[in-house]
Structure formats: structure tokens, C-alpha cells
Amino acid sequence: QPPMDASRLHEFQQRLREMTDSKPAAINSDDSDEDASPLAEGVQELAEEIVCPISHALPVDPVLAADGFTYDRAQIEAWLAREAASGPNRPPMSPQTNAPLASCDLVPNTAIRRTVERLVASGKLARESVDDWRARKDEAEHRAASEARTRALERFPRGCVVELSVR
């Protein structure tokens with residue numbers, strides 16, 4: 001599938017807003033009678049448009065890569081690390097197109113992040129998808145806090161004297 005451009009993303013966000021603002025009964029995997037409803041299909045279509053092409057799951061920290069596709073940060077960083085390990089004289093390849101990436105820069109995709117958060121909060125996605133996303137989000141937050149703590153400890157190792165002036 002082609003990368004989602006700004007107009008398609010805006011259209012999907014508008015449809016999501018309309019669907020979630022209508023406040024129908026929640027649709028999830030336990031509501032088998034309603035799973036085939038147009039609303040459920042629309043929400044599922046939205047979710048399928050923004051899954052990470054590597055993990056095939058909703059991204060926790062969506063980023064835009066040089067190939068124009070949005071990936072979950074942890075997934076694309078792991079991909080780029082594997083690509084770098086495969087040879088220093090070879091540019092990393094896109095996981096979607098298998099073409100060389102012009103850059104390894106990753107740009108946060110806040111529009112997709114907000115859309116995923118709104119989809120999750122809507123109560124209209126399958127419970128398994130939501131539970132998986134929340135577990136991965138908790139894990140990412142824990143990992144980020146742990147890395148921040150490690151960086152702080154590297155700056156001020158145990159036994160280091162830190163003088164603070166109070167005015």
C-alpha cells in the first residue's frame with residue numbers, strides 16, 4: 001500500500017472523529033453481531049491503514065522514515081541496526097520497498113500518534129489489539145524511564161559529590 005499522504009490522513013482522521021463522536025455502542029471482538037457493521041468496518045479500515053508494516057501492529061511511537069512510510073520507532077530502529085550490521089559499505093534498505101534509504105533519519109509522526117490514541121480510546125477496536133498496544137506502550141515508557149535513569153547515573157556516578165547552591 002502507498003504511504004499515507006496528508007490529505008488521506010486528514011480524511012481518515014475526519015472519518016474517525018465522526019465515528020467516535022456519534023457514541024454508538026462499543027464494538028469489539030466480544031460483540032460478534034456488530035462486528036460486520038459499517039462502523040466497525042470503518043474503524044478496522046482506519047486501523048489497518050496505520051499499522052506498522054514491520055510488526056503489523058498499531059505503532060506505539062510512530063515515525064516517518066526516508067521511504068515515506070510510517071513505522072513503529074522500535075521496529076524501524078531494530079531494522080536499521082540489522083541493516084547496518086549486514087555491511088558497512090551498503091546503505092540500509094527500506095523494509096517496504098527494498099530500495100536504499102536516502103537517510104536513516106526518523107521523524108516523529110504526531111498525526112498518526114494522535115489517530116492511534118483516538119482509535120484506542122474509542123472502544124471500537126478489538127480488545128486484543130488494544131491490549132497489545134497498551135502493553136507495548138507501557139513497555140516503551142518503562143524502557144525510556146530506565147534509559148533516562150541510566151543517563152543520569154552516568155553523569156553523576158555513585159559517590160560523586162554534587163554541590164547545590166540555594167539562593
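Reader: Quick one before we start: what's a salt bridge?
Author: A salt bridge is a side-chain nitrogen of Lys or Arg within 4 Å of a carboxyl oxygen of Asp or Glu. This is a predicted model, and the structure holds six of them.

Reader: Cool, so what does arginine 73 pair with?
Author: Arginine 73 forms a salt bridge with aspartate 61, at 2.7 Å from N to O. Arginine 73 belongs to helix H3 (residues 73-85), while aspartate 61 sits in the loop between helix H2 (38-49) and strand S1 (62-64). The two are twelve residues apart.

Reader: And what's the distance from aspartate 61 to arginine 113?
Author: Those side chains also meet in a salt bridge, 2.6 Å from N to O. Arginine 113 is in helix H4 (residues 110-122) and aspartate 61 is in the H2-S1 loop, so this pair ties together parts 52 residues apart in sequence.

Reader: Which residues make up the network around there?
Author: Asp61, Arg73, Glu77 and Arg113 are linked by salt bridges. As for accessibility, aspartate 61 is partly exposed at 22%, and arginine 113 is partly exposed at 27%.

Reader: Switching topic: is glutamate 83 buried or exposed?
Author: Buried, because its relative accessibility is 12%, and the cut-off for buried is under 20%. Glutamate 83 has a salt bridge to arginine 90 at 3.3 Å, N to O. Arginine 90 is partly exposed, with 37% relative accessible area.

Reader: Last thing, where does pLDDT stay under 50?
Author: Over residues 23-35, and the model has 26 contacts beyond four places in sequence for that stretch. For the chain, the mean pLDDT is 82, with 81% of residues reaching 70 or more.

Conventions. Residues are numbered from 1 along each chain as its sequence is written. This is a predicted model: local features need pLDDT of at least 70, side-chain atom pairs count only at pLDDT 80 or more; totals for chains, interfaces and linings use all residues. Side-chain values use heavy atoms; hydrogens and water are left out. pLDDT is the predictor's confidence in each residue, from 0 to 100. Contact means heavy atoms within 4.5 Å. Helices (H or I, at least four residues) and strands (E, at least two) are DSSP runs, numbered from the N terminus. Buried means under 20% relative accessible area, exposed over 50%, partly exposed in between (1.4 Å probe, protein chains only).
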